[in-house]
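Here are a few exercises to work through with the model open beside you. Try each task before you read its solution.

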Amino acid sequence: MINFTVGPVQSSEAVRAIGAEQVPYFRTSEFSDVMFENEKLIKKFAKASDDSKVVFLTSSGSGAMETAIMNTLTPDDKALVVNGGSFGHRFVELLELHHVPYTEIKLEHGKALKAEHLAPYEGQGYTAFLVNKHETSTGVHYDMNLIGDFCKRNQLFLIVDCISTFLADPFDMKELGADIMITGSQKALACPPGISVMVLSPKAINRVNNTKCVCQYFDLKIALKNMERGQTPWTPAVGILRQINARLKEIDANGGVEGEIARIGALATYFREKIKNLPFEIVSESLSNAVTPLHPTTASAYDIFLKIKDEYGMWICPNGGDMKDTIFRVGHIGALTTEDYDKLIAAFKDLQKYGNI
């Protein structure tokens with residue numbers, strides 16, 4: 001099977017080899033060194049400030065989204081949240097669950113965030129802004145410079161879900177003034193799922209220290225204290241953290257974050273050029289390198305997903321809910337090559353030949 005989804009994605013041979021090894025004991029100086037190196041490289045690739053801190057949680061990215069809210073926002077806040085799809089809606093649900101007052105900026109599927117969407121909220125007493133930099137369900141990549149400038153003008157605490165866009169698109173945490181960046185092990189890090197990563201600015205750390213988290217396992221005060229010695233408070237997914245270490249060093253040796261963004265961007269461009277004559281419409285007004293969201297004009301998106309999986313031995317990424325039959329996605333992250341895309345495009349053309357798309 002060739003995996004063209006947006007997570008979990010295909011891993012390199014070096015990452016897979018570590019997954020086959022026995023999991024070592026981790027309360028050691030050797031494992032602490034691995035964790036310190038992970039922190040250093042994550043900060044480097046996120047372009048975070050030197051005094052930022054990194055926390056590694058044994059959870060999916062959604063766990064980190066909730067952790068950010070539990071540890072830094074309270075009912076005294078007034079949040080703005082961008083909801084352009086499934087993952088924006090997840091932030092909305094989490095704010096409701098934790099009784100954080102919010103206003104939702106609701107966007108139609110595939111639509112970009114623009115200055116006129118933000119204008120009504122200038123100087124209106126908001127304290128926080130939550131956004132999925134890349135709304136993975138629809139493939140929309142939001143303009144972070146627009147958002148960062150808005151948050152700076154209005155002194156907003158900025159939480160950014162970069163889960164599917166970290167290492168695939170440019171992100172300068174310090175320049176943007178972002179306070180929390182979130183990503184996950186199974187996206188462009190191209191490791192198995194199970195670890196989420198949070199980078200916290202000094203402003204975020206201050207909020208953590210002054211917010212009561214009503215959850216022990218995801219209390220960032222405990223996590224930050226343990227990370228001072230290169231450890232986690234609870235037993236982590238040790239093997240995945242070692243795989244992340246190998247992957248980060250692999251990226252660093254191959255041109256760093258800029259090199260990885262260029263590699264993923266080239267795959268995205270290659271695929272998009274090759275499908276121009278197929279009966280698909282690209283959904284998003286503003287694309288990420290990470291994924292191409294496609295609306296098939298002559299068939300059900302979910303039916304295409306099933307046929308590609310069952311008849312051609314490849315995974316593309318389906319959607320659920322009201323997007324199940326209208327949008328599927330093809331990812332460009334992970335250990336993929338142009339030859340892999342040639343096989344997928346041949347499968348699409350074969351389906352077209354027999355009237356299945």
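**Exercise 1.** Work out whether E228 is buried or exposed, and find the distance at which its side chain meets that of K225.

*Solution.* Start with E228 in this predicted model. Its relative accessibility is 57%. The cut-off for exposed is over 50%, so E228 counts as exposed. Next, take K225: at 56%, K225 counts as exposed too. Finally, look at the two side chains together: K225 and E228 meet in a salt bridge, with 3.5 Å from N to O.

**Exercise 2.** Find how E260 and R263 are placed in their helix, and say which network of salt bridges they belong to.

*Solution.* First, locate the pair: E260 and R263 sit in helix α11, residues 256–274. They are three residues apart there, so about one helical turn separates them. Now check the side chains, which meet in a salt bridge at 2.9 Å, N to O. Then check accessibility. E260 comes out at 6% and counts as buried, while R263 has 29% and is partly exposed. Last step: widen the view, and you'll find R247, E250, E260 and R263 linked in a network of salt bridges. The structure holds 15 salt bridges.

**Exercise 3.** Describe the salt bridge between K307 and E311.

*Solution.* Begin with the distance: the closest N and O atoms of K307 and E311 are 3.7 Å apart. Then go to helix α12 (residues 301–312), where K307 and E311 are four residues apart and so separated by about one helical turn. As for K307, its 24% relative accessibility makes it partly exposed.

**Exercise 4.** Write down the strand order of the open sheet and explain why β2 and β4 each have one side without a neighbour.

*Solution.* Read across the seven strands: β2-β10-β9-β8-β5-β3-β4, with mixed pairing. At the edges stand β2 (53–57) and β4 (102–106). Each has a single partner strand, so one side of each is left without a neighbour in the sheet. From one strand to the next, the twist averages 15°. Now add a helix: α2 (residues 29–46) packs on the sheet and touches β2, β9 and β10. The direction of α2 makes about 115° with that of β2.

Zoom in on one strand pair. β8 (residues 157–161) and β9 (residues 180–184) run parallel and are joined by three bridges. If you look for the partner of D161 in β9, you'll land on I182.

**Exercise 5.** Decide whether V81 is buried or exposed, and list some of its contacts beyond its neighbours within four places in sequence.

*Solution.* Put V81 in its place first: strand β3, residues 79–83. Its relative accessible area is 0%, so V81 is buried. Leaving aside neighbours within four places in sequence, V81 is in contact with several residues, among them G88, F91, Y102 and L130.

**Exercise 6.** Classify the ring pairs F129–F150 and Y217–W234.

*Solution.* The structure holds 12 aromatic pairs. For F129 and F150, the ring centres are 6.0 Å apart and the planes are at 65°, so this pair is edge-to-face. F129 lies in strand β5 and F150 in helix α6, 21 residues apart. Both are buried, F129 with 0% and F150 with 1%.

For Y217 and W234, the centres are 5.9 Å apart and the planes at 15°, so that pair is stacked. Y217 lies in the loop between α8 and α9, and W234 in the loop between α9 and α10, so the pair ties together parts 17 residues apart in sequence.

Note on methods. Residues numbered from 1 in each chain as written. Predicted model: local features only at pLDDT ≥ 70, side-chain atom pairs only at ≥ 80, totals over all residues. Heavy atoms only, no water. Pairing = 2+ DSSP bridges. Helix = DSSP H or I, 4+ residues; strand = E, 2+ residues; numbered from the N terminus. Axes fitted to C-alpha atoms, helices over the stretch in contact; angles between N-to-C directions. Contact = heavy atoms within 4.5 Å. Buried < 20%, exposed > 50% of the residue type's maximum accessible area, 1.4 Å probe, protein only. Salt bridge = Lys/Arg side-chain N within 4 Å of Asp/Glu carboxyl O. Phe/Tyr/Trp six-rings, centres within 6.5 Å; stacked < 30°, edge-to-face > 60°.
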